[in-house]
Amino acid sequence: MIEIKGLVKKYGSTVAVDNISFSVERGELFGLLGPNGAGKTTTISVLSTLLPATEGAAVVAGCDVAKDADGVRRRIGVVPQEIALYEDLGARDNLNFWGRLYGLSGKDLQRRTEEMLEAVELGEHARQKVSSFSGGMKRRLNLAAGLMHGPEVLFLDEPTVGIDAQARGKILALIRRLNEDGLTVLYTTHYLEEAEQLCDRIGVIDRGKMVALGDKDDLIRQIGDEDTISFLLPPERLDELLTLSTKWDLVGDVEHRRGCARLRVRDTARVLPEIQMWLAGQQLPLDHLEVHRPNLETLYLNLTGRALRE
Ligand SMILES: Nc1ncnc2c1ncn2[C@@H]1O[C@H](COP(=O)(O)OP(=O)(O)OP(=O)(O)O)[C@@H](O)[C@H]1O
Ligand SMILES: [Mg+2]
């Protein structure tokens, strides 16, 4: 349904998307996961024909983005990262506006507007001005706007940013339902938990490059079954830790970045108390001592050496 080969997008000398390739099957819910500035919005902009690619090719719903932009536009819905709604209009009028823009009119437009208001549970607020909406309600209406013309593929660009957990849950449930009804979804996020909960397959993008790609469970399995222990450690104490850690049966080397030590251990129950005792004995802070079970975040850390939310 989406096929991307060697996609590059430069803004002047900035390489925002750096030779990425992936595909999304029909009916799939694909997550593009990455931190700020990774290139998520740029990728969506190219796929939705808002920006031309610098190099590479992309086919969306059977249409080449470079050669058949109109074809792509008819078949896709885009829910932009920045909310695109008229604050002074009601929910219904906003949807009518977007519907007309997509070429709907008359009875079709009316019917679709009411359907979408119900789908995003805003039927009771149809006449209320968007300016009085909560963040979650705006996000839901923004989503409905992208669905007005019944697209085959939906691009969702961080649709849950800035809203509370309950509102987020509602949006995720809605997306899952749309996907179960057959909609192909490309979902971008910088929330690991969302990608983990929602998506079948995931691409991890960092500084324009795809650093991991595949089935979510496979990706997590790749990291192995070892826990990661991390804690604050001044660089001058690293040598002591290295000496100490020789008896801990570690996986890989001790890493030390930005004042934080990380080690992967097979036997947390034995190693953790020893680390605690050592830190306490050295009067080093204990409050940043953390144990991570392998999850997407571990994968991300292993791949990039950075946490996703910094
Ligand atoms: N219009 C533009 N002109 C110049 N550089 C840009 C432009 N848009 C984005 N960039 C740069 O391209 C890179 C990728 O940006 P992009 O917006 O695609 O990332 P993102 O993953 O969507 O980030 P965020 O999570 O912050 O939305 C960044 O380095 C950004 O500064
Ligand atoms: Mg973005």
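Analyst: A residue counts as buried if 20 or more other C-beta atoms lie within 10 Å of its own, as exposed if 12 or fewer do, and as partly exposed in between. The structure above is a predicted model, and these classes are read from its coordinates.

User: Is N19 buried, exposed or partly exposed, and why?

Analyst: N19 has 14 C-beta neighbours inside 10 Å, so it falls in the partly exposed class. N19 is part of strand β2. Its backbone deserves a look too: the phi angle of N19 is positive, near 60°, in a residue other than glycine.

User: Which other residue has a positive phi, near 55°?

Analyst: Q283, again a residue other than glycine, has a phi near 55°. Q283 follows helix α10 and sits in the loop that leads from α10 to β14 (290–292). Apply the count once more: Q283 has 7 other C-beta atoms within 10 Å and is therefore exposed.

User: How does L284 compare on the burial count?

Analyst: L284 lies in the loop between α10 and β14. With 16 C-beta neighbours inside 10 Å, L284 is partly exposed. Setting aside neighbours within four places in sequence, the contacts of L284 are L233 and L279.

User: How far is L284 from G123 in sequence and in space?

Analyst: The two are separated by 161 residues in sequence and by 56 Å in space, C-alpha to C-alpha. For scale, the C-alpha trace of the protein spans about 75 × 45 × 35 Å along its principal axes.

User: What can be said about the length of helix α10?

Analyst: Compare the span with the rise per residue. Helix α10 covers residues 268–281, which is 14 residues, and runs 19 Å from first to last C-alpha; the span expected at 1.5 Å a residue is 20 Å, and the two values are close. On helices in general, there are 3.6 residues a turn, so residues three or four places apart point the same way.

User: How do I read burial over a whole strand, and what does β8 show?

Analyst: Check each residue, then check each face. Strand β8 spans residues 184–189, and six of its six residues are buried, so the rest of the structure largely encloses it. T184, L186 and T188 point one way from β8, V185, Y187 and T189 point the other way, and all are buried.

User: Which strands pair with β8, and in which sense?

Analyst: Strand β3 (residues 29–33) pairs with β8 in the parallel sense over five bridges. Strand β7 (residues 153–157) also pairs with β8 in parallel, over five bridges. To place the register, take one partner from each pairing: L33 is bridged to T189 of β8, and V153 stands opposite T184 of β8.

User: What lies along β7 besides β8?

Analyst: β6 and β7 run parallel and are joined by four bridges. V78 has F155 as its bridge partner in β7. Strand β6 (residues 76–79) is covered on both faces, with I76 and V78 buried on one side and G77 and V79 buried on the other.

User: How many residues are in the largest nonpolar core, and which of them touch the most other members?

Analyst: The largest core has 63 residues, and L141, A144, F155 and Y187 touch the most other members. Helix α5 (residues 135–147) contributes the most to this core, six residues. Leaving out neighbours within four places in sequence, A144 contacts L95, M116, L117, A119 and V120. There is also a second, separate core of eight residues, among them I229, F231, L233 and V265.

User: What surrounds ligand 1?

Analyst: Start with the shell, then ask which elements supply it. Ligand 1 is surrounded by 13 residues, of which Y11, A16, K40, T41 and T42 are the closest. β2 (14–24) and α1 (40–47) each supply at least two shell residues, and α1 gives the most, three. By type, the shell holds three nonpolar, nine polar and one charged residue.

User: What do the totals for the protein look like?

Analyst: The protein has eleven helices and 14 strands. Of its 310 residues, 37% are buried. Among contacts with a separation of 6 or more, 66% join residues 24 or more positions apart.

Note on methods:
Residues are numbered from 1 along each chain as its sequence is written. Chains are lettered from A and ligands numbered from 1 in the order in which they are written. This is a predicted model: local features need pLDDT of at least 70, side-chain atom pairs count only at pLDDT 80 or more; totals for chains, interfaces and linings use all residues. A nonpolar core is a set of buried Ala, Val, Leu, Ile, Met, Phe, Trp, Tyr and Cys residues joined through C-beta atoms within 7 Å. Two residues are in contact if their C-beta atoms, placed from the backbone, lie within 7 Å. The expected span of a helix is 1.5 Å times one less than its number of residues. A residue is near a molecule or strand if its C-beta atom, placed from the backbone, lies within 6 Å of it. Ala, Val, Leu, Ile, Met, Phe, Trp, Tyr, Cys and Pro count as nonpolar, Asp, Glu, Lys and Arg as charged, and the others, Gly among them, as polar. Two strands pair if DSSP finds at least two bridges between them.
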